[in-house]
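Hi everyone, thanks for coming. I'd like to walk you through a structure that may be new to you, so please have a look at it with me.

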Amino acid sequence: MFEHSLTFDSPGYLLFLAVIPLMWWLGYRSLAGLGRWRRWAALTLRTLVALLIIFALADVQYQRRSDRLSVIYLLDQSLSIPGEQREAMLDYVKASLENNRNTARNDRYAVVVFGRDAEVEVPLVDVNIPIGRVESLLDPEYSDVGTAIQRAQAIFPHDAARRIVLVTDGNQNLGDAYREARAATDAGTSLWVVPVMIAPRSEVAVEKVDLPSGVRRGQPFEMRVVLSNDDQSTEGSGSGGKPVRGKLIITRSAGDRTEIVTEDTVEIPPGKRVFSISEKIDQPDFYTYTARFSPENTADDGMTQNNRATAFSHVRGKGHVLLIENWETPGGFDTMANRLREKDIEVTLRGSDRLFTSLAELQRYDAVILGNVSRSSGSDADNVASFSDDQIEMLVRNTRELGCGLVMIGGPDTYGAGGWNGTELEKAMPVDFQIKSAKVVPVGALVLMMHAGEMPDSNYWQKRISVESIKLLGNRDFCGMVQWNGSDQWLWGQSKGGLLRTGPNRKMMLARVDRMAIGDMPAFDGAMAMAAKGFAGLPPGEVSVKHMIIISDGDPTPPKNSTIQALIKQKAKVTTVAVRSHGALGSKTMQDIAKRTGGKYYAVSSAKALPKIYQKEARRVSRPLVYEPKPPVQPYEVTQHDILKGIDITTIPPIKGYVLTTIKENPLVEVILRAPKPEMEKNATVLASWTYGAGRSVALTTDAGALWTDEWTAWDGYDKLFSQAVRWAMRPTGDTGNYNVATDVRDGKTQIIVTALDAQEEFLNDQSMSATVVTPDRKPLPVRIEQTAPGRYVGEFDSEEAGSYLVVVNPGPGKAPIRTGVNIGYSAEYRDTETNLTLLESLADLQAGDGPVGELLEGGLNDVSTSSDDGSAPNPFRFDLPPAVANQSIWPWLVVLGSCLFWSDIFIRRVQLNLEWLKPVWLKVTNFVLRRQVEAPVPETMSRLRSRKQEVGKQIASRQASTRFEEPESEQAADKSATAASTGPQATEAVLKPAAAKPQAMGQDSKEDEGISYTERLLKAKKQVWRDRDQDKDNR
Amino acid sequence: MNSKCPTGPASQSKRSCAIWALALVIVGLGGCIQSEREPGTGRVEAVWGKQGISAGDLQKPRAAAIDSAGNLYLVDMTARIQVYDPEGNFLRGWKTPASINGRPSGLSFDHQGRLLVADTHYFQVLKYTPDGELLEEQTLGGTKGEAHGEFGFVTDAVEDSQGNLYVGEYGTNDRIQKFSPEGEFLLQWGGHGEEMGQFRRPQNLTVQIGTPEGDRIWVVDACNHRVQAFDTKGELLTSWGTEGSKPGELYYPYDLVLDDEGNLYICEYGNHRVQKFTPEGKSLGIWGTHGRESGQLNNPWALALDQKGRLFVVDSNNHRVQRIRF
């Protein structure tokens, strides 16, 4: 299956191999002193080191060639393909795998489904996984073949040949399929195409609703609805198509009101038909007109998704504001709403459980007021309501891009105390919701305990709620997370008690959460005891709120009573969130925990409720942001502002509380009112305002005549303060009658056409105009508007995606902006009614690297499915591709190995091992193995004695021998010796005896002769003998 | 179709790998690095199983039992009961009737060769033939509650020499209930707590047959980190074990088996190991460390001992089984 070899990326370095013989020549001589074996060993090691380094320099690659094949099926699940065809794709894949996959070769496969995005339905595997139906969630209203090919390329392994089998109708409306296919095939991937042949069918669509945007109150105008009938079912029959009968209903909506404008049975002939309706608007508002067509015979219409179109029109009137209040405390803002109405401001009051769902819905309002409303509210999992991230973004875009006013009125559930920290809304307000000063506000501590492993997608949800909680905490709040990972463990700060300050550690915490893997916790006790200990270890006196949130399926063993008591002693409240709890039994434990510690219990049936619950619960920790001075304090004026015009601010009644914030350091921000306490001025803002993008926002941190400002309702300035604040924030409401804005949608683009007239109905030329478009995904899109004819100005923007495009045209400095909108009712997916074979053929013609070109499976999906069942269809697992070659750079390992060998070389040269101990060991071993008789070892003391005796004997013998050459002690002795010598051998012996008998004298001689060497003494003695002989001769 | 070695940051990371490896070699050769902890006194004979949902694959296996033929029965987090031969070859498998509330966590065989399944989150004990046929009429329990014959989270069911059934449970009432061979409630003992004779999650039961006092019921009291033994009337005979990770200590003991000499093998979920004890609680040896390699464990849930003295360790979070000899 695999072949292995080595290759070099930089083979030029192999020339260094020529150095090795030279190294040998030098080394052989210089290492001569080491002895034979050590020299050879050192040379061998050196050679290996040199080889490894040269190979590393040459960037040696471990190469593996494989004849395995990986096939990825890309299945187009977009709605341009009929449902039965989409299901048939899976049948084709199953049959293809069953009949063709080479299991002996371990061929792998994957299934990717795509629409707008691509999802892996079956990961790359080498086993048969049952494929029932498509489980992935996709946006089927678009086709992006290019992204799907990209995704497949990312999945392919390197160690196998690659083939993509693309099953599609080729009707892409996003991305560039050809470009991605070419990139894939250039990289060696083979591309086969199975076309989905779409049968010709008749198709009726409402193409557009056309109406002027700047309609004046009471002025009649004409609305046009364009319908098309594209009947292909009878093409070729010579009839030219048949008309389609059905009902056309046109409705008009403003806010919650919807009225039917017209409802008629109409007949649409082949081609296009335009219906004109005369219309008049009496009430100022932002209107949405919808035209809907229902065919009498559903068989006459292939797709129903394109039978609806909408358009907007705006009729200006007096100011209109939306006041959103907490749904749990309805009526809290009735007084304020009534006072505003008295000031000629139209007010729509709405609870936070019935929030807007689209940006278009907000266009009828000139300002939005958030009245003491928290981000999440509700008492249990079923009724928790919350502003989603999308809704918050809509509010912000509505102000920044579309110029709507935004007013936030305080109370115990707003700003940082309302869980709005870190949201987009905070960016839109003139104050930040976090407090950085330690002197001003105490902090909270939150411990999260995670045990929801049996919930579907548990890891995703647990990560998501962790992230929500961490984001909501203030910088100085403490946060810890405990989970089971082999044992109960803190996710961070293990050595610091588990709870760390959120501010400096927020990024680290989020990163750890992203990596966490949560195990099955056997008991609540360990984690809860850790939490209690963690709370106890926090800086004393600093933390005012201690809170723990447990999410679990409820089956861990209940905590010990002592652990609960420890938490109670710490004044820590424990909220429990039961997810898929194992019946009432699992939830009872969790209910008990919450009840005993004063926390809250939630039973969650849908994981989607979890983020709302966590937003609400994490908010408990941020409660310290509420400041209630005693005695109440009177705010003072900081800046003269239009909001305070005509109000004697010295008469303003004292306030009993407000929410602490931090004023933004921005020159556009104006602090209007401030409280004298606390002393940190930047945190004591009561009223502030600023201009945010195209709109304005106002922040009032105290409430509007409720708990903290109950004396305000009787105050003379109340009506003026609030009406002026709201009016200051509202969109300009000037007359825009001289400007008429129209839009025209064509081929994925929308034109904005502005006709400008002056008071005399003459064309206005050379005007500086601009426009901003908010796209359906709420992204701002600046549009350039240029004059194209007298009084006519045109701009254009892309509008491929279905949804509402809100347009704000700014006619020039000092003029009120004009708003309009365009609705793209359906995606281009519903415009395509036949297979794009041209594209598919061009994809199949691409050559896979050095391999063959792809294949277009003639006959399309239906034919291929049938032939796959009987095994006669082309085999996508056919191995006709060059084998896959996977290279892996292994130079780092060579460097490591070379370093180790270099050590060995040094060791061998520098260290001489004494191996003599091996001999006795070897003898012992052989004696033992061969069962030889060995003499009993001599006792150590005896051996020492013998050795000493031998040594002494040797010394004596040595001395005796040395005395033979010893010089006589005196002349007399010398004479005696000479005489003895002359008398023969007997005499010589006699001379020696006295010497032996006088050891002391000898000892003395030795001392005297100390420093004279043995050879010198011998020479001296010989000379003496020769001298004596000469004397004897002379004497004779 | 060449795949090049990555360059840039990836290549740099390889280089830093090389430097670290070199540093480790130097430190290692210098003798300054502590060698990896020895896995203990057991010897691994076989390891099998991989994570997956295909037949034979495992998804956090949680309980094990061995039949008279030496085949191993496992139940995992997909509520599948799968049967393997002692070498790990998959033989057959089936699923419990319902699992949306939670999965079984106890398996054992009775003397008639029926497989007893502690269907934890359905408050019942199921009985199967070895071939996977559910004996519906013999199902015990099914009603949650604290009355006689009702159950909380059922952890295990075992049979004594007389055919009586002992069922362990936890939740709000951690207790052992005893039933006659006909399924009639006879007696109960225990209760939630830390006192002697009480339990905090009696995770597994084992019957020791043939002791001088008669049958002895051993219970691993998981969240009290101890082992308790009772006679068939529920009288406490012995209790030992303290929380910890040193030899002789226990941390979330989840399963227990007995060998022919009466020694106990206990798998510790929290310590990722198997420990052998005398009946008096003296530790005789430890096997296993935390990890993924062969001979290492990650939250082991269960044990099974076959007639040849081979110990099967259900290495739950590694989705596999390791067969060892102590």
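I'll begin with chain B, then turn to the nonpolar cores, and end with what the UniProt record lists. One thing to keep in mind throughout: this is a predicted model.

Let's start with the overall make-up of chain B. Its secondary structure comes to one helix and 27 strands. Chain B has 326 residues, and 44% of them count as buried. If you take the contacts in chain B with a separation of 6 or more, 43% are between residues 24 or more positions apart.

Now let me zoom in on one strand, β8 of chain B, residues 115–119. Why can we call this strand largely enclosed by the rest of the structure? Because five of its five residues are buried. The side chains go both ways: B:L115, B:V117 and B:D119 point one way from β8(B), while B:L116 and B:A118 point the other way.

Who are the partners of β8(B)? On the pairing with β7(B), residues 106–109, there are four bridges, and the two strands run antiparallel. In that pairing, B:G106 stands opposite B:A118. The two strands make a hairpin with five residues between them, and in the turn B:G113 has a positive phi of about 80 degrees.

β8(B) is also joined to β9(B), residues 124–128, by five bridges, again antiparallel. Here B:D119 faces B:Q124, which stands opposite in β9(B). This pair forms a hairpin too, with four residues between the strands, and B:F123 takes a positive phi near 60 degrees.

Let's move to a sheet elsewhere in the same chain. It is an open sheet of four strands of chain B, in the order β3-β4-β5-β6, with antiparallel pairing. Which strands stand at the edges? They are β3 (63–66) and β6 (90–95) of chain B; each has a single partner strand, so one side of each is left without a neighbour in the sheet. From one strand to the next, the twist averages 20 degrees. The partner of β3(B) is β4(B), residues 72–75, and four bridges hold that antiparallel pair. Within the pair, B:A64 is opposite B:L74.

Please remember B:A64, as we meet this residue again in the largest nonpolar core. That core has 127 residues, and those touching the most other members are A:A531, B:A64, B:I266, B:L303 and B:V313. The element that gives the most to this core is helix α11 of chain A, residues 524–536, with eight residues. What does A:A531 contact, leaving aside its neighbours within four places in sequence? The list is A:V447, A:M449, A:V482, A:M548 and A:L567. Apart from this core lies another, of 112 residues, with A:V244, A:A311, A:M408 and A:L625 among them.

Finally, the record. In an unreviewed entry, UniProt lists residues 241–280 and 288–322 of chain B for "repeat: NHL". In the model, residues 241–280 are 0% helix and 40% strand, with the end C-alpha atoms 10 Å apart. Residues 288–322 are 0% helix and 46% strand, and their end C-alpha atoms are 10 Å apart.

For chain A, UniProt lists residues 12–28 and 40–58 as "transmembrane region", also in an unreviewed entry. Residues 12–28 are 59% helix and 0% strand, with end C-alpha atoms 28 Å apart. Residues 40–58 are 95% helix and 0% strand, with 27 Å between the end C-alpha atoms.

That's my tour. Thanks for listening!

Key
Residues are numbered from 1 along each chain as its sequence is written. Chains are lettered from A and ligands numbered from 1 in the order in which they are written. This is a predicted model: local features need pLDDT of at least 70, side-chain atom pairs count only at pLDDT 80 or more; totals for chains, interfaces and linings use all residues. UniProt positions are given in the numbering used here, feature names are shortened, and annotations may be inferred rather than shown by experiment. A residue is buried if 20 or more other C-beta atoms lie within 10 Å of its own, exposed if 12 or fewer, and partly exposed in between; C-beta atoms are placed from the backbone. Two strands pair if DSSP finds at least two bridges between them. Axes are lines fitted to C-alpha atoms, for helices over the stretch in contact, and angles run from 0 to 180 degrees between N-to-C directions. Two residues are in contact if their C-beta atoms, placed from the backbone, lie within 7 Å. A nonpolar core is a set of buried Ala, Val, Leu, Ile, Met, Phe, Trp, Tyr and Cys residues joined through C-beta atoms within 7 Å.
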